[in-house]
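Visitor: I'd like a close look at just one part of this model. Could you take me through the metal site and what surrounds it?

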Amino acid sequence: MTKFVYQCSNCGKRYQRDEVRYLCPLCARDYRPGIPLVGVLSAQFDYGAIRKRFRRERPDWNLFSAVEEKFFPPIAVGNTPFFQSVALGDKLGFGNVWIKNDGLNPSASLKDRASFLIVAEGNRLKENTVVAASTGNAASALAAVCASAGKRALIFVPQNAPKPKLVQMVLYGATVVPVRGTYDDAFRLSLEYTTSRGGLNRNTAYHPLTIEGKKTVGLEIWQQNDWRVPDAILVPVGDGVIISGVHKAFCDLKAAGLISQLPRLVCVQAGKSNAIHHYIESGIYENAPNPNTVADSISVSIPSNAHMARKAVLESSGFSLTVSDDEILQAQRVLATTTGIFAEPASSAVVAALKKLRGSKRLGRKEQIVLLITGHGLKDVETAMRNIQLPKAVEPTLAGVEQALAKTKHPSLRPSPRSGGERVAGGRVRGSSKAGGA
Ligand SMILES: [Zn+2]
């Protein structure tokens, strides 16, 4: 770990590590439920010390960690595959497309990275209960990491939360409290609970270390990409914390003098859940009134980290776009049939976005483009089934088989032998890293 202070992203005031826990106390006075968080804190490290001590030959990723390694929970998080997919690039009309597949984390989403660091912080502070409001992946991730660390996960969910994710939470042993109300009610209740009853609140962006945990995906991309900064990274955006975390990774590297430029960040939202997109395009913030989309992980009315996410896109000279539910479902199939990756709809949105950008000149054909896959498709099989037809049973004879085969066109029978995929031995998966493991 390197020494750090918290700095308010709104007023710039700095705080010692244990002087504050959540939002900037000055700015949080202006916060009320129903708007994005105000006064989200950002960990600012002693970058001169990192510059002196960091060695590419033996990278010590703990230099970038805001919690000491001795507090880390015993679950392996991160070090997910990063590889080029020529087949997907060919299909979408781009020559240099790469995938970071974070659906392969323990609870099958990138959010394990944030939960890992928060539970580590819980160990440091001797807090045995970690509290969160979530509709899905963040809560599943918290439940999994808490299970590994022997902590209690207390999770407030809206009563209509998706079943597969609820099953995950309960199976991991979390205490799940369904709330008669919306996600916003669950969020407010979780804040009231930790304020009056204690425990550590893991709500995304509310606790600044959620951003620090998520930044490890950016550090890994840099290492796995042979210490080069990709030209652009496409990120699915709901509450805006993942894109802020990716941006933070490259800002930290730049501040430490390890890189000279930032990757352009492309914010991808679902058309109906577009509060941050609208904010980036117009400069005016408005809640998304009816954020219903098949991509439930990025379906958000009031994105908690809207301000920081907008800043990440603008500072990196990136841009924002939206995709429709139909485009997301089609892209889910394209990704699956060209790479072997079954991603949840939210992650498939980045594939849909890249398809949409073909010929737009916002991304060059030869630029290195990274698609960030944030969650596994098995978390939401029902949605995937809307876009496929399961085959009917045949008579158990060769004639029956031939009849069935005559009706199908096997997607893997394509002429190109250069198809991408997760080839561990083929050299397309870059070496694993240990970017803080969070
Ligand atoms: Zn402030």
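Which residues coordinate the zinc ion, and through which atoms?

Guide: Happy to, and keep in mind that this is a predicted model. The zinc ion is held by the SG atoms of Cys8, Cys11, Cys24 and Cys27, at 2.3 to 2.4 Å. The angles among those four donor atoms come out at 107 to 114 degrees, and the site is tetrahedral. If you read along the chain, the donors follow the spacing C-x2-C-x12-C-x2-C. Take Cys8 and Cys24 from that set: this pair ties together distant parts of the chain, 16 residues apart. Cys8 belongs to strand β1 (residues 4–8), while Cys24 lies in the loop between β2 (14–15) and β3 (41–45). As for exposure, both Cys8 and Cys24 are buried.

Now follow Cys8 into its strand, β1. The sheet here is an open one of three strands, ordered β2-β1-β3, and the pairing is antiparallel. β2 and β3 are the edge strands with a single partner strand each, so each has one side without a neighbour in the sheet. Between β1 and β3, which run antiparallel, there are five bridges. One spot to look at is Phe4, which stands opposite Phe45 in β3.

So, to pull the site together: four cysteine SG atoms coordinate the zinc ion, their arrangement is tetrahedral, and Cys8 brings in strand β1 while Cys24 brings in the loop between β2 and β3.

Methods. Residues numbered from 1 in each chain as written. Predicted model: local features only at pLDDT ≥ 70, side-chain atom pairs only at ≥ 80, totals over all residues. Heavy atoms only, no water. Donors = N, O, S within 2.8 Å, 3.2 Å for Na, K, Ca; no water. Tetrahedral: all angles 85-135°; square planar, octahedral: opposite > 155°, others 65-115°. Helix = DSSP H or I, 4+ residues; strand = E, 2+ residues; numbered from the N terminus. Buried < 20%, exposed > 50% of the residue type's maximum accessible area, 1.4 Å probe, protein only. Pairing = 2+ DSSP bridges.
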